[in-house]
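Let us walk through this model together, starting with the whole chain and then moving inward. Please keep the sequence and the 3D view at hand as you read.

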Amino acid sequence: MAAALVLAGALLAGIAVWVSNAGRSADRWDDDSRTVGITPANVRPGSQAPAAVAQPVPAADLVPGWADRNARTVGVPARALHAYALTDVVLRTEAPRCRLSWTTLAGIGRVESNHGRFAGARLDADGRPSRPIVGVPLDGSPGVREIPDTDGGRFDGDNAHDRAVGPMQFIPSTWARWASDGDGDKLADPHDLDDAALAAGRYLCDKGRDTATAAGWWAAVLAYNNSVDYGQRVFGVADTYARSIPPG
């Protein structure tokens, strides 16, 4: 499992950090492409859920082909779409009452890291960004909750404080609970989008949530990051993705 390298200097310029009441933090680089062009949806939390997907994801063995066919239409890299769709398939069996769609995971992945492509990184064939995506130290600075190191720097390269890591921006202390192996390689790595997407899906489905309902969807996303602006951004992207898939 590769150790995360800390992004420094200009890459950290303009960062704003917020922390959820659930104890998870997510990083937002306001000057990066992941937030440029993402308009918060003009919806009140709890008033509605994103659109239903017109074309359901196929069985696991057909996911790669489905992702390749739909990537351009949806506007998500095929490798990322594969990771989100595979989590959708897994959770249909593991947590069927949650009814989590790949579109919500894709919305979160877009807002958090531009699908693993933050600051010019690329998402490689193994589902990992070409360089680790690591946030600012959670050291108690203004607007930042202090979270002392919990992983010995294993994931975030910082043995003083935790930092959000990977395409879905988990902090190591949260990853310790939700760590998942989404690609069957017998490793759970927050820098691997297959693993991170499955962990995020399980997090969203916690507490028996039904994300196909407005109340359930908003409860899940605001648990992931307790920010109305964040939730509205995820909603806008997820809804757009859902509407981009033609019926059939």
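What percentage of the 248 residues in the protein chain do buried residues make up? The share is 56%. Bear in mind that this is a predicted model. Its protein chain has a mean pLDDT of 87, with 85% of the residues at 70 or more. Residues 1-34 are a stretch to treat with care: the pLDDT there is below 50, although this stretch has 112 contacts in the model beyond near neighbours in sequence. Where pLDDT is low, the predicted coordinates should not be read in detail.

Now for the overall layout. The protein chain contains seven helices and two strands, and the order along the sequence is β-β-α-α-α-α-α-α-α. If you take the contacts between residues at least 6 apart in sequence, 64% of them join residues at least 24 apart. On the outside, the accessible surface of the protein chain comes to about 10,100 Å², and carbon and sulfur atoms account for 52% of that.

Let us step into the interior. In soluble globular proteins, nonpolar side chains tend to be buried together. Here, the largest nonpolar core holds 54 residues, and those touching the most other members are Trp66, Tyr84, Trp102, Met168, Phe170 and Tyr224. At least two residues of this core come from each of α1 (63-74), α2, α3, α4 (172-178), α5, α6 and α7 (228-244). Apart from this core lies another one of five residues, including Leu138, Val144, Ile147 and Ile171.

Tryptophan 102 is a good place to pause. Setting aside residues up to four places away in sequence, tryptophan 102 touches Val53, Val57, Trp66, Val74, Leu81, Tyr84, Ala85, Asp88, Tyr241 and Ile245. Two of these partners, Trp66 and Tyr84, also appear among the core residues that touch the most other members.

Next, find alanine 200 in helix α5. With a relative accessibility of 0%, alanine 200 counts as buried. Its contacts, not counting residues up to four places away in sequence, are Leu105, Met168, Phe170 and Tyr224. Alanine 200 is also 9.8 Å from tyrosine 84, C-alpha to C-alpha, while the two are 116 residues apart in sequence.

Helix α6 offers another alanine to visit, alanine 220. Its relative accessibility is 1%, so alanine 220 counts as buried. Leaving aside neighbours within four places in sequence, alanine 220 is in contact with Leu204, Arg209 and Thr211. Further along the chain by eleven residues is glycine 231, and the C-alpha atoms of alanine 220 and glycine 231 are separated by 9.6 Å.

Which cysteines does the disulfide join? The structure holds one disulfide, and it links cysteine 98 to cysteine 205, with an S to S distance of 2.0 Å. The link is left-handed, with -80 degrees about the S-S bond. Cysteine 98 sits in the loop between α2 (78-94) and α3 (102-113), and cysteine 205 in the loop between α5 (193-204) and α6 (214-224), so the pair ties together parts that are 107 residues apart in sequence. Are these two cysteines buried or exposed? Cysteine 98 is buried, at 3% relative accessible area, and cysteine 205 counts as buried too, at 11% relative accessibility.

Note on methods
Residues are numbered from 1 along each chain as its sequence is written. This is a predicted model: local features need pLDDT of at least 70, side-chain atom pairs count only at pLDDT 80 or more; totals for chains, interfaces and linings use all residues. Side-chain values use heavy atoms; hydrogens and water are left out. A disulfide is a pair of cysteine sulfur atoms within 2.5 Å. Helices (H or I, at least four residues) and strands (E, at least two) are DSSP runs, numbered from the N terminus. Buried means under 20% relative accessible area, exposed over 50%, partly exposed in between (1.4 Å probe, protein chains only). A nonpolar core is a set of buried Ala, Val, Leu, Ile, Met, Phe, Trp, Tyr and Cys residues joined through side-chain atoms within 4.5 Å. Contact means heavy atoms within 4.5 Å. pLDDT is the predictor's confidence in each residue, from 0 to 100. Accessible areas come from the Shrake-Rupley method with a 1.4 Å probe; for residues, only the protein chains shown count as cover.
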